[in-house]
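Reader: I should like a close look at a single part of this model, set in the context of the chain as a whole. Please take one helix and explain how it is placed.

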Amino acid sequence: MIDQPRDKELRSRVRLFGNLLGNVLRQHAGGQILAAVETLRKGFIRLRSHDDPDLRQHLIELIDRLDPETLTHVVRAFNVYFSLVNIAEQAFQYRQRQRQLSGGGPLWLGSFDDTLRRFRQQGIEPEQLRELFAQTRYIPVFTAHPTESKRRTIMESLRRIYETAEQLDRGRISREQRQDIIDAIEAEIQILWKTDEVRAQRPRVKDEIRNGLYYFRESLFEAVPQTCRNLDKALTRIYGPDHGVEVSGLLRFGSWIGGDRDGNPYVKPETTETALRLHMREVLCHYLRLLDELRHRLTQSSRLITPSEAFSASLATDNEHYGARCFGDHPHRFATEPYRRKLYIMRYRLRQTLRAVSARLDGEDCGDCTDRYCSEHELLSDLRLIRDSLISHGDARIAAGRLQDVIRTVETFGFFLMQLDIRQESSRHTEAVGEICSAAGLGDYMALDEASRCELLAGCIAAGDPPTLARDRLTDGTRETLEVFDVIRRMHAEVSPEAFGNYVISMTHSASHVLEVMFLAWCCGLAGRRDDEWFCQVRPSPLFETIEDLAHVETVLTALLGNDTYRALLAASGNQQEVMLGYSDSCKDGGILASSWSLYEAQQKIIAITGRMGVGCRLFHGRGGTVGRGGGPTHEAILAQPPGTVHGQIKFTEQGEVLSYKYGHPVTAVYELTMGLTGLMKASRSLIAPVEPDRPEDQALMAELAGIGERAYRDLVDRTEGFLDYFYEVCPVDEIGMLNIGSRPSHRNRANRSKESIRAIPWVFGWAQSRHTLPAWYGIGSALAEWRGSDPARLERLRGLYREWPYFRALLSNTQMALFKAQMDIAREYTRLAHDQQQAQAIFERIRGEYERTLTEVLAVADIEVLLQENPGLHLSLLRRDPYLDPLNHIQIALLARYRNEGLPEEERERWRDPLLRSINAIAAGMRNTG
């Protein structure tokens with residue numbers, strides 16, 4: 001059946017956490033709470049091993065008898081348990097990797113060691129690696145999409161538990177020391193129990209910005225240089241000390257938090273300014289700590305060493321310009337310690353830079369900050385001067401230590417920390433351009449066809465200076481759209497030219513949608529011609545989201561890149577076109593198979609067009625946490641891209657619970673960054689060596705499967721009477737909208753409950769809560785079953801694809817995870833919430849039938865007996881959670897019925913609201929992803 005992993009150590013830690021939680025419940029929640037939790041826990045565990053209708057009825061009656069306060073604490077107890085299991089698993093996986101490292105044998109797939117050894121075996125030489133690394137950039141983009149149900153306070157508490165529990169694994173400790181550590185863990189669990197996991201208010205955008213900064217402060221500032229150091233060590237180990245491969249500039253982080261205004265009315269131009277200044281302040285504070293650390297390390301005396309001429313000249317200039325103000329009454333401080341003196345002056349200049357940005361954040365005049373660093377490049381220049389000087393007098397080992405870490409940190413984060421993308425929906429630009437054209441006497445833009453629009457926009461930009469606009473006569477919406485471009489211009493000067501990433505245009509349907517953004521940039525002095533030279537400080541990214549949009553990607557890009565004005569602007573900004581692909585909306589639109597294959601084909605078309613046009617291309621993948629939103633393991637996801645379409649750079653969204661799971665602790669962040677970088681290195685081999693293209697017959701087969709799958713999905717979702725009523729009634733969709741987990745509304749139009757209006761996150765989140773997980777698998781079973789029929793040869797053909805084609809393997813591996821998380825028996829219980837029971841049962845039977853079909857087909861094609869047989873660790877992790885999720889789902893069903901019962905007085909219904917919202921949090925924690 002399945003090889004059980006050796007996880008005795010993990011089970012022991014989970015048991016310890018469970019016992020300590022039990023102690024806390026006994027002492028601080030009361031006997032009734034603990035008794036209810038234990039009865040439900042043990043009862044549903046028994047039901048998992050042997051169905052007993054009488055026991056099931058007894059447990060449901062127990063749930064029905066519990067009052068709101070008791071139910072609230074029962075739900076909280078399960079939620080805390082899941083959080084403790086999560087950190088126990090993370091710690092166990094880390095220890096497993098550490099044992100591999102100390103064992104001296106082969107390391108895990110996706111490690112730097114394993115990847116580089118494979119490269120060496122394939123004949124890849126250091127020169128080729130240098131070429132590859134020169135083009136490599138791995139870019140996770142943090143978003144505030146509302147799928148993180150844990151407060152930052154809870155994440156900080158869990159981190160303390162993680163770090164305290166780690167002490168149990170540090171060599172030999174006495175019995176008394178062990179007990180002290182266990183007592184400390186129990187104390188932290190007690191604090192966690194008494195900390196409210198539900199936000200009292202919906203977070204503001206500024207709160208979301210601060211939440212995003214948490215991951216840098218607590219994890220990434222440490223993880224980034226450690227990741228680079230690990231790569232350096234692996235290169236030296238495998239290619240020798242003279243490999244000559246530069247490990248810098250490989251990582252860059254992006255953000256949408258404070259820049260994503262699509263559907264979020266709370267993101268204003270001033271919000272974007274605040275985000276960038278908070279980014280800058282955060283990273284400057286970190287650099288000050290690093291300079292202090294270096295100042296206490298680099299204590300070499302000029303009586304014992306001779307710094308380089310370049311360094312000495314720089315220090316002399318610094319003394320002349322800044323010495324008096326920096327050292328004040330101590331002009332000869334560190335006179336014989338040149339590096340300490342230089343670092344002290346650097347710290348003074350950095351403090352001046354910080355003072356300026358802090359003043360602006362407080363709405364104050366930054367005053368005379370002329371001594372500040374004007375850019376990260378000046379700071380980097382000083383750091384590199386110190387490094388080169390150390391090397392010049394025989395201290396290369398010192399230069400390659402902590403100083404090298406600091407240099408790599410500044411190379412990664414600059415003064416901007418992460419590059420902020422702007423995102424806006426295309427119709428907002430069209431409206432603004434139409435109004436500006438009318439005001440400037442350029443004609444009726446809205447009446448023009450597509451070709452005429454492109455001709456007008458390109459002609460205006462190429463003509464010269466933009467028109468002078470009386471902005472006070474424009475509508476509020478157009479003024480705000482232009483103000484965003486004003487912010488871009490100001491922040492380029494104030495923070496860094498690298499402060500912004502790309503301008504993402506959602507719902508891009510035509511080339512004019514991209515040219516409109518360039519026209520608005522031209523109006524604000526960010527693009528156009530100056531002294532007969534083209535310039536462009538805005539990099540647009542068309543976002544293709546629906547199945548129809550993906551099908552039109554070739555037409556749009558061909559028209560766009562065929563426009564002479566646009567090509568000139570693109571060349572002026574680096575000649576690289578970024579294209580964003582939306583996983584979430586395409587899956588919601590046409591189902592997982594059609595979405596997945598349309599995205600795959602779109603990437604091939606995009607790379608073919610940009611290659612033919614002589615333009616570089618970077619693909620931006622709009623992935624969510626769940627399979628239904630493009631989620632899944634990052635390493636495998638990158639390798640599953642079409643051969644030859646990854647050209648050294650990749651960008652993708654990271655959000656919600658994915659952020660806390662991947663980047664909440666330095667050790668997990670190092671692992672995730674490593675897996676992402678190695679996946680990118682492997683997928684980019686086409687830059688340095690030939691790669692095998694997909695076989696046309698495989699692509700034809702997949703296109704056929706996608707067509708069948710889309711038809712099955714649309715038959716259910718678009719053509720089944722009452723289906724959307726079923727969704728809203730059996731899933732806690734409206735209740736998810738009540739959770740204070742994000743500033744953005746769950747619907748584009750709250751009054752419109754159509755599939756088009758609801759956002760992809762609550763769509764996937766709702767199906768997951770009710771244990772359908774439908775978006776991640778529906779249609780796959782029908783496609784596989786119809787294509788192969790009863791033909792053994794066709795089954796073997798599919799099995800061959802699963803073994804040999806990374807794309808197909810990743811698709812079905814992710815499907816297995818989604819099928820495992822689905823529970824049709826529990827999903828059936830949710831149908832009791834539907835008003836039309838006959839209709840609901842008919843819809844459920846269709847869903848259940850497709851589930852069974854998909855399960856049968858996936859097991860047959862993967863040639864396995866149980867789901868996740870090839871990933872026993874994940875199999876066991878999910879299996880361990882199910883008996884604890886079962887009571888939560890039954891509690892949620894009862895609470896939904898009561899809260900939605902309009903026959904009850906409003907006051908009575910409101911009593912059930914709090915435990916209901918907490919049940920959503922708890923189920924999300926147990927399933928390990930939400931949206």
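Author: A residue is called buried here when its relative accessible area is under 20%, and exposed when that area is over 50%. The model is a predicted one, and the part chosen is helix α28, which spans residues 723-730. Six of the eight residues of α28 fall into the buried class, so this helix is largely enclosed by the rest of the structure. The buried positions are F723, Y726, F727, Y728, E729 and V730. What do these residues pack against? Their partners are α27 (696-717), α29 (733-738), α30 (760-769), α34 (824-830) and α35 (837-862).

The setting of this helix is a chain with 38 helices and 10 strands. Of its 931 residues, 62% are buried. For a chain of that length, a compact globule would have a radius of gyration near 30 Å, and the value of 29 Å found for this chain agrees with that. Along the principal axes, the C-alpha atoms occupy a box of roughly 85 × 80 × 65 Å. When contacts between residues at least 6 apart in sequence are considered, 82% of them link residues at least 24 apart. The exposed surface of the chain comes to about 36500 Å², with carbon and sulfur atoms supplying 47% of it. Its charged side chains number 119 positive and 129 negative, and the centres of these two sets are 5 Å apart.

A buried residue in another helix may be set beside α28. D382 belongs to α13 (residues 376-392), and D382 counts as buried because its relative accessibility is 7%. Leaving aside residues up to four places away in sequence, D382 touches S314, K342, M346, R349 and Y373.

Two loop residues complete the picture through their backbone angles. Most residues other than glycine have a negative phi. F334, which is not a glycine, nevertheless has a positive phi of about 60°. F334 lies in the loop between α11 (309-327) and α12 (338-361), and with a relative accessible area of 12% it is buried. D531 likewise has a positive phi, near 55°, in a residue other than glycine. The loop that holds D531 runs between β5 (527-530) and β6 (533-536). Here the relative accessible area is 73%, so D531 is exposed.

Technical notes: Residues are numbered from 1 along each chain as its sequence is written. This is a predicted model: local features need pLDDT of at least 70, side-chain atom pairs count only at pLDDT 80 or more; totals for chains, interfaces and linings use all residues. Side-chain values use heavy atoms; hydrogens and water are left out. Helices (H or I, at least four residues) and strands (E, at least two) are DSSP runs, numbered from the N terminus. Buried means under 20% relative accessible area, exposed over 50%, partly exposed in between (1.4 Å probe, protein chains only). Contact means heavy atoms within 4.5 Å. The radius of gyration is taken over C-alpha atoms; the globule rule is 2.2 Å times the number of residues to the power 0.38. Accessible areas come from the Shrake-Rupley method with a 1.4 Å probe; for residues, only the protein chains shown count as cover. Lys and Arg count as positive and Asp and Glu as negative; His and the chain ends are not counted. The place of a charge is taken as NZ of Lys, CZ of Arg, CG of Asp or CD of Glu.
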